[in-house]
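Visitor: Could you take me through one part of this fold, step by step?

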Amino acid sequence: MTQSITSFRDRYGPWALVAGASKGLGAEFAAQLAARGLNIVLVARRADAMASLAAKLTADHGVQTRRVPLDLARADAASIIAAETRDIEIGLLVYNAALSIVGRFFDQPLEAHLKEIDTNCRAPLALAYTLGQRMVARQRGGIILLSSLSAMQGAALIANYTATKAYNLLLAEGLWDELREEGIDALAVMPSSVDTSSDQTRAPSRPSPVAALPPRAVVAETLAALGKQSSVIPGRTNRVAAFLMRRLLPRRVAITLMGRTMRAMYPR
Ligand SMILES: NC(=O)c1ccc[n+]([C@@H]2O[C@H](COP(=O)([O-])OP(=O)(O)OC[C@H]3O[C@@H](n4cnc5c(N)ncnc54)[C@H](OP(=O)(O)O)[C@@H]3O)[C@@H](O)[C@H]2O)c1
């Protein structure tokens, strides 16, 4: 175990940056990376939540932390982060933040859909580009982008969200193939339901029919897959469901099934 922690830190350290780190999966990524001996840059909007997480990471694991309170939907988010981290070596980027708009497409203003693209697509692209260049110069590093199992097909009421998650899946897959020659491991994570009480624009009237996985399990499976594959679906049941939806069902049926589930969870 000591040996594997050392090699993880050598490969992806000395610092990891977790974008969207104040709660949920992002906070769990920060904790499990700190447990592997990486210093952590935390980025999110809630400075108070990051301050208590940072104190806990240092107390529990003796690592250094740096906090960047920032709205990642800002067009200049990546350049602000680059400036705030100029003096440290970031060997791992975890882009975890997301805006999850749920509701009928035309019930949302266009600006909200565009903000979802800024948060979920523009920012991970810009950060992968900016921090990835530094990794290429050192010939080592990792880039983890949060996609979703919902990225496999479009779905009613979350059409733009699923499209943004498909973007992250394909971006990570392409970078996995392109950058591995440069020593960089890219990975897309495709969780199904996770027990994070995530910030959605609307709470469901019914729970998801899929049992939620604990964040700890999702992050552990993700870190185990880094450097081994281009994408990971945490949870065995979710991998079976993905096989069914992607390989066995006609695409039209998969889209309709997803839409039916969403309409049941979010009735008009
Ligand atoms: N939970 C699930 O069931 C599930 C399923 C599939 C995929 N995912 C994906 O997994 C990722 C994490 O989900 P989660 O459930 O852990 O989310 P969450 O609990 O809502 O946490 C999201 C994190 O991102 C930060 N964030 C959001 N918008 C931001 C912005 N504009 N600028 C800066 N930080 C921002 C939030 O911090 P602040 O509010 O402090 O800024 C928070 O730390 C997302 O990419 C999501 O799409 C989740």
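The turns below deal with a helix and the strands around it.

Guide: This is a predicted model, in which local features need pLDDT of at least 70 and side-chain atom pairs count only at pLDDT 80 or more, while totals for chains, interfaces and linings use all residues. Residues are numbered from 1 along each chain as its sequence is written.

Visitor: How far apart are the end C-alpha atoms of helix 2?

Guide: Helices (H or I, at least four residues) and strands (E, at least two) are DSSP runs, numbered from the N terminus. The expected span of a helix is 1.5 Å times one less than its number of residues, so the 12 residues of helix 2 (residues 24–35) should span 16 Å. The distance in the model agrees with this, being 17 Å.

Visitor: Is helix 2 largely enclosed or exposed?

Guide: A residue is buried if 20 or more other C-beta atoms, placed from the backbone, lie within 10 Å of its own, exposed if 12 or fewer, and partly exposed in between. Among the buried residues of helix 2 are L25, F29 and L33. Because 10 of its 12 residues are buried, helix 2 is largely enclosed.

Visitor: Which residue of strand 2 stands opposite W15?

Guide: Two strands pair if DSSP finds at least two bridges between them, and strand 1 and strand 2 pair in the parallel sense over five bridges. W15, which points one way from strand 1 together with L17 and A19, is buried. Opposite W15 in strand 2 stands N39.
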